[in-house]
Amino acid sequence: MSEYTVAVVGVGAVGEEMLRVLAQRNFPAREIRVFARSARTISLDGRSYEVRATTPEGFEGVDVALFAGTEGEKGAAVTFAAEAVRRGAVVIDNGADFRMEPNVPLVVPEVNPEALDKHEGIISNPNCSTIQMVAALKPLHDAGKLKRVIVSTYQAVSGTGRSAIKELEAQAKAWAQGEPLPAPAAYKYPIAFNLIPQIGGFRPDGYTSEEWKMIAETHKILGDDRIAISATTIRVPVFNSHSESVTVETERPIGRAQALELLRAAPGIVVVDDPAVADAGGPAYPLPIEASGKDETYVGRVREDPFVPNTLHFWVVADNLRKGAATNAVQIAETLIARGLLRK
Ligand SMILES: NC(=O)c1ccc[n+]([C@@H]2O[C@H](COP(=O)([O-])OP(=O)(O)OC[C@H]3O[C@@H](n4cnc5c(N)ncnc54)[C@H](OP(=O)(O)O)[C@@H]3O)[C@@H](O)[C@H]2O)c1
């Protein structure tokens with residue numbers, strides 16, 4: 001099998017998980033170059049990695065570059081993605097900078113792998129909340145054609161990055177010791193023992209940028225912008241794994257039994273839906289603690305609406321650092337290899 005020179009840019013919450021996923025999935029890498037803003041050595045799962053300061057020349061000879069740096073004007077992808085592509089690398093970016101550009105495929109490999117065939121050097125990983133939702137929507141859309149999607153998210157602090165994980169930890173420790181909570185920095189309000197119904201900035205229509213990401217990205221991935229989608233995104237004091245309550249209305253009816261069958265057959269989906277064992281403490285529904293560290297998207301609580309026809313409700317949970325970011329990016333690289341789209 002061919003082996004590839006891989007670059008990982010950023011060693012924050014997502015970048016570290018990328019290094020872990022590359023190792024765990026035995027990605028065929030002859031070399032992994034690790035870049036961040038500043039050079040140092042990091043140690044991860046007993047292995048040490050030399051981190052270099054990112055430079056355009058660092059991408060010389062790189063076949064695939066996985067970007068997990070900060071977004072925006074001075075971020076890693078905006079500064080270095082074009083430089084990497086110019087040197088022959090395919091860039092898979094985790095941030096939002098290029099997701100909605102028409103020539104940039106936005107890909108969840110289980111949902112729209114064919115979008116990769118038209119890539120021009122940069123491929124985007126969707127937002128973490130979008131990835132797990134579309135993984136569950138896809139089989140229902142194929143079977144019943146989605147008309148309406150209403151989603152409320154319960155998003156973990158790891159989605160904000162390492163600083164937010166530390167912030168929840170510090171606030172929880174202070175609370176347990178009866179001390180005043182340290183001042184919030186990653187969020188506007190304390191996150192410990194609280195919920196914040198705002199992720200991203202507000203837009204004039206009252207929705208946040210995160211909510212619009214879920215809408216626009218779902219339209220792009222499913223290739224259908226007539227689906228009426230509304231999202232409410234909420235930050236919760238959970239360390240890792242995002243949860244979502246999703247309601248869908250379909251053109252053709254799909255009952256609970258058929259939905260379970262479709263979801264069980266869908267790639268990357270694990271159904272955990274057994275109300276009968278809930279009281280016995282069994283795995284009755286997906287939990288963020290259980291999903292953490294896993295690569296699959298977990299779906300449960302599937303039920304028919306008692307009042308509105310053709311309408312289902314369900315609960316979706318996935319590890320936002322893995323399926324929502326690192327795993328999806330590595331799966332994109334694996335799919336590029338499988339489709340003969342990565343240079344040998
Ligand atoms: N966290 C999630 O669940 C999640 C999910 C999906 C997508 N994403 C996206 O993935 C990206 C990374 O998120 P994160 O949570 O891992 O962030 P993070 O913990 O804040 O880490 C950011 C990393 O990027 C590096 N970096 C920042 N600017 C850079 C630049 N100009 N050049 C090179 N390296 C740079 C930093 O380097 P230093 O360490 O040297 O400062 C750091 O290692 C973001 O675009 C985020 O939106 C995150």
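**Exercise 1. Find which residues V157 touches, leaving out those up to four places away in sequence, and place V157 in the predicted model.**

Step 1. The contacts of V157 are A164, I165, L168, I191, R235 and F239, once residues up to four places away in sequence are left out.

Step 2. V157 itself sits in the loop that joins β8 (146-155) to α4.

Step 3. Is V157 buried or exposed? The cut-off for a buried residue is 20 or more other C-beta atoms within 10 Å. V157 has 27 other C-beta atoms within 10 Å, so V157 is buried.

Step 4. For a distance across the chain, take A291: V157 and A291 are 134 residues apart in sequence, and their C-alpha atoms are 15 Å apart in space.

**Exercise 2. Check the length of helix α4 and work out where its buried residues lie.**

Step 1. Helix α4 covers residues 162-176, which is 15 residues. At 1.5 Å a residue the expected span is 21 Å. The end C-alpha atoms of α4 are 21 Å apart, so the two values agree.

Step 2. The buried residues of this helix are A164, E167, L168 and Q171.

Step 3. Looking down the axis of α4, these buried residues fall within an arc of 95°, so they line one face of the helix. A general rule fits here: an α-helix has 3.6 residues a turn, so residues three or four places apart point the same way.

Step 4. What follows α4? Just after the helix comes G178, with a positive phi of about 70°.

**Exercise 3. Apply the length check to α5, then say what its buried residues pack against.**

Step 1. α5 has 14 residues, which at 1.5 Å a residue should span 20 Å. The C-alpha atoms at its ends are 20 Å apart, so expectation and model agree.

Step 2. The buried residues of α5 are E210, E211, K213, M214, E217, T218, K220, I221 and L222.

Step 3. Those buried residues pack against α3, β8 and β9 (228-235).

Step 4. After α5 comes G223, with a positive phi near 65°.

**Exercise 4. Describe how the two domains meet and where the largest nonpolar core lies.**

Step 1. The domain assignment gives domain 1 as 4-126 + 325-338 and domain 2 as 130-319. Their centres, taken over C-alpha atoms, are separated by 25 Å.

Step 2. How many residues are in contact? 13 residues of domain 1 meet 17 residues of domain 2. The side of domain 1 that touches domain 2 has 7 nonpolar, 4 polar and 2 charged residues.

Step 3. The largest nonpolar core has 82 residues, and M18, A65 and L66 have the most contacts inside it. Helix α3 (residues 128-144) gives the most to this core, with 8 residues. Both domain 1 and domain 2 give residues to the core, so it lies between them.

Step 4. Take L66 as an example: apart from residues up to four places away in sequence, L66 touches V6, A7, V8, M18, I92 and A329. A second, separate core of 7 residues includes Y154, V157, L168 and V238.

**Exercise 5. Compile the surroundings of A68 and F35.**

Step 1. A68 is in the loop between β5 (64-67) and α2 (76-86). It has 29 C-beta neighbours inside 10 Å, so A68 counts as buried.

Step 2. Neighbours within four places in sequence aside, A68 is in contact with V8, V9, G10, G12, V14, G15, M18 and N94.

Step 3. F35 belongs to strand β2 (residues 29-36). With 25 C-beta neighbours inside 10 Å, F35 counts as buried.

Step 4. The contacts of F35, with neighbours within four places in sequence left aside, are A7, V9, V51, R52, T54 and G58.

**Exercise 6. Find the phi and the exposure of F193 and N310.**

Step 1. Most residues other than glycine have a negative phi. F193 is not a glycine, yet its phi is positive, about 55°. N310, also not a glycine, has a positive phi of about 55°.

Step 2. F193 lies in the loop between α4 and α5 (209-222). F193 has 11 other C-beta atoms within 10 Å, so it is exposed.

Step 3. N310 lies in the loop between β12 (297-304) and β13 (311-318). N310 has 18 C-beta neighbours inside 10 Å, so it counts as partly exposed.

Key:
Residues are numbered from 1 along each chain as its sequence is written. This is a predicted model: local features need pLDDT of at least 70, side-chain atom pairs count only at pLDDT 80 or more; totals for chains, interfaces and linings use all residues. Domain bounds come from an automatic or database domain assignment. Two residues are in contact if their C-beta atoms, placed from the backbone, lie within 7 Å. Ala, Val, Leu, Ile, Met, Phe, Trp, Tyr, Cys and Pro count as nonpolar, Asp, Glu, Lys and Arg as charged, and the others, Gly among them, as polar. Helices (H or I, at least four residues) and strands (E, at least two) are DSSP runs, numbered from the N terminus. The expected span of a helix is 1.5 Å times one less than its number of residues. A residue is buried if 20 or more other C-beta atoms lie within 10 Å of its own, exposed if 12 or fewer, and partly exposed in between; C-beta atoms are placed from the backbone. The arc is that of the directions from the helix axis to the C-beta atoms. A nonpolar core is a set of buried Ala, Val, Leu, Ile, Met, Phe, Trp, Tyr and Cys residues joined through C-beta atoms within 7 Å.
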